[in-house]
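Please read the points below with the model open beside you. They go through the strands, one cysteine, the domains and the confidence in turn.

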Amino acid sequence: MRIKWTNNKVDHWLLSNNTQIKRQSHFTSVHDRSCWVCLICKVEWITSFQNIKGRGTRCPSCSAKKQSDQKRFIDETYFDSFLVKYNTNMKRVGKFKGIHDPVTLRCDCGHIWETVISNVLYHNHKCPFCSNRKKLMK
Ligand SMILES: [Zn+2]
Ligand SMILES: [Zn+2]
């Protein structure tokens with residue numbers, strides 16, 4: 001059975017699904033565009049209820065903020081302080097592009113090599129020359 005969406009039903013749906021969205025203008029049909037307001041940042045925007053319900057569209061300003069927060073989480077400042085904080089004896093000498101991109105590093109012994117940032121962050125990769133030497137000395 002198809003639900004006949006009314007103002008009340010839409011309001012109820014927004015509430016019970018914890019969308020943090022409030023209806024601002026009169027609702028006519030799921031395909032028609034209405035005005036909505038975000039309860040978090042109070043931004044108003046226009047979209048159809050179908051987009052909100054079917055495609056999970058949420059406040060454009062909050063979504064943009066979320067994305068930039070995620071991006072900001074690992075940047076060159078974070079990476080540089082990671083190298084210091086965990087006593088890696090490595091320094092970044094190349095440009096930081098992204099965590100899955102190669103970067104040039106330099107260890108305290110002066111070796112310079114290229115690795116992928118995520119390897120250093122998540123797989124504990126160290127200077128390949130120093131690790132080889134340690135292996136040979138064993
Ligand atoms: Zn918002
Ligand atoms: Zn080294």
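**Notes on the predicted model**

1. S34 stands opposite T47, a residue of β3. Strands here are DSSP runs of E with at least two residues, helices are runs of H or I with at least four, and both are numbered from the N terminus. S34 falls in strand β2, residues 33-38, which pairs with β3 in the antiparallel sense over five bridges. Two strands count as paired if DSSP finds at least two bridges between them.

2. How is the sheet of three strands ordered? The order is β1-β2-β3, the sheet is open, and the pairing is antiparallel. β1 (21-23) and β3 (44-48) each have a single partner strand, so they stand at the edges and one side of each has no neighbour in the sheet. From one strand to the next the twist averages 40°. Such angles lie between N-to-C directions and run from 0 to 180 degrees, with axes fitted as lines to C-alpha atoms (for helices, over the stretch in contact). Strands of a sheet pair through backbone hydrogen bonds, either parallel or antiparallel.

3. Strand β5 (residues 102-107) runs antiparallel to strand β6 (residues 112-116), and five bridges join them. V103 stands opposite T115 in β6. β5 and β6 form a hairpin with four residues between them. In the turn, G110 has a positive phi of about 95°.

4. Is C130 of helix α6 (residues 128-137) buried or exposed? C130 is partly exposed, because 15 other C-beta atoms lie within 10 Å. The cut-offs are 20 or more such atoms for buried and 12 or fewer for exposed, with partly exposed in between; C-beta atoms are placed from the backbone. Leaving out residues up to four places away in sequence, C130 touches C107, C109 and H111. A contact needs the two C-beta atoms, placed from the backbone, to lie within 7 Å. H111 and C130 are 19 residues apart along the chain, and their C-alpha atoms are separated by 8.1 Å.

5. The protein is divided into domain 1 (7-67) and domain 2 (74-137). These bounds come from an automatic or database domain assignment. Taken over C-alpha atoms, the domain centres are separated by 45 Å.

6. The average pLDDT of the protein is 91, and 95% of the residues score at least 70. pLDDT is the predictor's confidence in each residue, from 0 to 100. Confidence is highest in β1, at 97, and lowest in helix α3 (residues 60-73), at a mean of 77.

7. Residues are numbered from 1 along each chain as its sequence is written, while chains are lettered from A and ligands numbered from 1 in the order in which they are written. As this is a predicted model, local features need pLDDT of at least 70 and side-chain atom pairs count only at pLDDT 80 or more, whereas totals for chains, interfaces and linings use all residues.
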